[in-house]
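Me: I have a structure open and want to go through it piece by piece. Can we keep it brisk?
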Amino acid sequence: MQFKEVIGQDSIKTHLIQEIKSNRVSHAQMFLGPTGSNKLPIAIAFAQMLLCENPTENDSCGACASCQQVQNYVHPDLHFAFPNHGGEKDREKDHSNRERAWLDNLREDPLFDYEKWSQALGAGNKLLSLGRFEGNNISKNLSLKSFSGGYKIMIIWLQELMNSTCANNLLKILEEPPEKTLFILISENTENSLPTIISRTQILHFPKLKDEDVREYLTSISDGSENIDEAVRRSNGNLIEAREVIKGNERKAYFLEKFVHLMRSCYTKDVGLMLDWSDEASKMGREGLLDFFEYSLYMTRQSLISNYQNQLGSPSSDEAQFLEKFARFINGNNVQNIYSELNQVSYYIQRNCNPKIILTGLTFQIMRELHKA
Ligand SMILES: [Zn+2]
């Protein structure tokens, strides 16, 4: 990852590039700032420039062997420590799987948060921490000689999750740092951190992203049909949140389109369109279908609410526009049956039944229900 690929944080970048150019890289740095402020991407870009064989004036070259190794997350002098769940034995036993998950996450996009990492680990509601195993791993990785003869870099993600064993281990290394070693401690807060660790690091404060930077980022990842203004406003400078808003909107728009297609073809009794719908919908896959049926239940509920109360819950403007015409077809005579049909289909999908058969069956049931007086 090159600096030029990371959006925003210009003054932080300038500061770090200056450190490299003047050969005054402080050996322990803390990147402190809110979620979604590009701390990890910038740490990686910093590491890449430091390890680069032909750096330019203000970035890594992106082409040398070292840059390629960093870009593929296989550089032998770039190490990561990340929070985990479970007992020490589990952490040790499962380490290679978890490390693979970590690297996959980085390769996909180094802009992720605690939630996403916890999901990738399958940690459920268990709290993540950096424990004894992770602390030992830090020492082990740094005891090796640098492969390239240059820097050894250790990026510790979410240092505030270190338990006291891990923190004391790190403190010992920071007190007598091995030569040419750089620690980057990524952090969202320092309330529970050892003051002795804080005092040994140079803190760089990352502000939240500016609105114009969030807008630039969203424009680069979206197909332009979404409401970017709304996402910028709701994200409050958090790029991860901004991405979630856009992704959520894209998904909702897709589900609405599929829901309209389903209801329209059933209402017009157009068997060709009904079969087309089953065909297309079955491609959503198991998880996609389960989410879609949850969405369909929501839309059925919205239809009923708008009939009886003449007001809507919180549908988007596109949904409201559809409901205005459609709601009258959902009434006391059919709502129960449509509800139980949708639930039934979810149940079958969960149990991995053939989706095409089930979805086709559903279209005929809904057709019957919509035509009940
Ligand atoms: Zn390079």
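Reply: Yes. One caution to begin: this is a predicted model. Strand 1 (residues 28–32) is a good place to start, since it pairs with strand 4 in parallel.

Me: How many bridges join strand 1 to strand 4?

Reply: The two strands run parallel. In this pairing L32 stands opposite S187 of strand 4. The number of bridges joining strand 1 to strand 4 is five.

Me: Which residue in strand 4 does I153 stand opposite?

Reply: Strand 3 covers residues 152–156 and pairs with strand 4 in the parallel sense, over five bridges. In strand 4, the residue opposite I153 is L182.

Me: What is the hand of the β-α-β crossover from strand 3 to strand 4?

Reply: After strand 3, the chain passes through helix 8 (residues 164–175). From there it reaches strand 4. The crossover is right-handed.

Me: How many residues of strand 4 are buried?

Reply: Strand 4 spans residues 181–187 and is mostly covered. A residue is buried if 20 or more other C-beta atoms lie within 10 Å of its own. Of the seven residues in strand 4, the number buried is six.

Me: Which helix gives the most to the largest nonpolar core?

Reply: That core has 55 residues. A43, A47, I155, W157, I186 and A242 touch the most other members. With 10 residues, the top contributor is helix 2 (residues 39–51).

Me: Which residues is A43 in contact with, leaving aside its neighbours within four places in sequence?

Reply: A43 is one of the core residues that touch the most other members. With those sequence neighbours set aside, its contacts are F31, I155, I184 and I186.

Me: How many residues are in the other core?

Reply: This core lies apart from the largest one. Its members include L262, M274, F292 and I349. The count is 21 residues.

Me: Why do the buried residues of helix 11 lie on the same side?

Reply: Helix 11 runs over residues 228–235, and A231, V232 and S235 are buried there. They sit on the same side of helix 11 because they cover an arc of only 100° around the axis. An α-helix has 3.6 residues a turn, so residues three or four places apart point the same way. As for the cover over the buried residues of helix 11, it includes helix 10 (211–221) and helix 12 (239–267).

Me: Which residue follows helix 11, and what is its phi?

Reply: The residue is N236. Its phi is positive, near 50°.

Me: Is Q9 buried or exposed?

Reply: Q9 lies in the segment before helix 1 (10–21). Its phi is positive, about 55°, although Q9 is not a glycine. With 25 C-beta neighbours inside 10 Å, Q9 is buried.

Me: How many other C-beta atoms lie within 10 Å of L158?

Reply: L158 is in the loop between strand 3 and helix 8. Its phi is positive, near 60°, and L158 is a residue other than glycine. L158 is buried, and the count within 10 Å is 22.

Me: What distance separates the C-alpha atoms of S220 and Q202?

Reply: S220 is found in helix 10. With 8 C-beta neighbours inside 10 Å, S220 counts as exposed. Along the chain, S220 and Q202 are 18 residues apart. Their C-alpha atoms are separated by 33 Å.

Me: What separates the centres of domain 1 and domain 2?

Reply: The domain assignment gives domain 1 as 3–207 and domain 2 as 252–370. Taken over C-alpha atoms, their centres are separated by 46 Å.

Conventions. Residues are numbered from 1 along each chain as its sequence is written. This is a predicted model: local features need pLDDT of at least 70, side-chain atom pairs count only at pLDDT 80 or more; totals for chains, interfaces and linings use all residues. Domain bounds come from an automatic or database domain assignment. A residue is buried if 20 or more other C-beta atoms lie within 10 Å of its own, exposed if 12 or fewer, and partly exposed in between; C-beta atoms are placed from the backbone. Helices (H or I, at least four residues) and strands (E, at least two) are DSSP runs, numbered from the N terminus. Two strands pair if DSSP finds at least two bridges between them. A crossover is right-handed if, with the strands pointing away from the viewer, the path from the first strand over the helix to the second runs clockwise. A nonpolar core is a set of buried Ala, Val, Leu, Ile, Met, Phe, Trp, Tyr and Cys residues joined through C-beta atoms within 7 Å. Two residues are in contact if their C-beta atoms, placed from the backbone, lie within 7 Å. The arc is that of the directions from the helix axis to the C-beta atoms.
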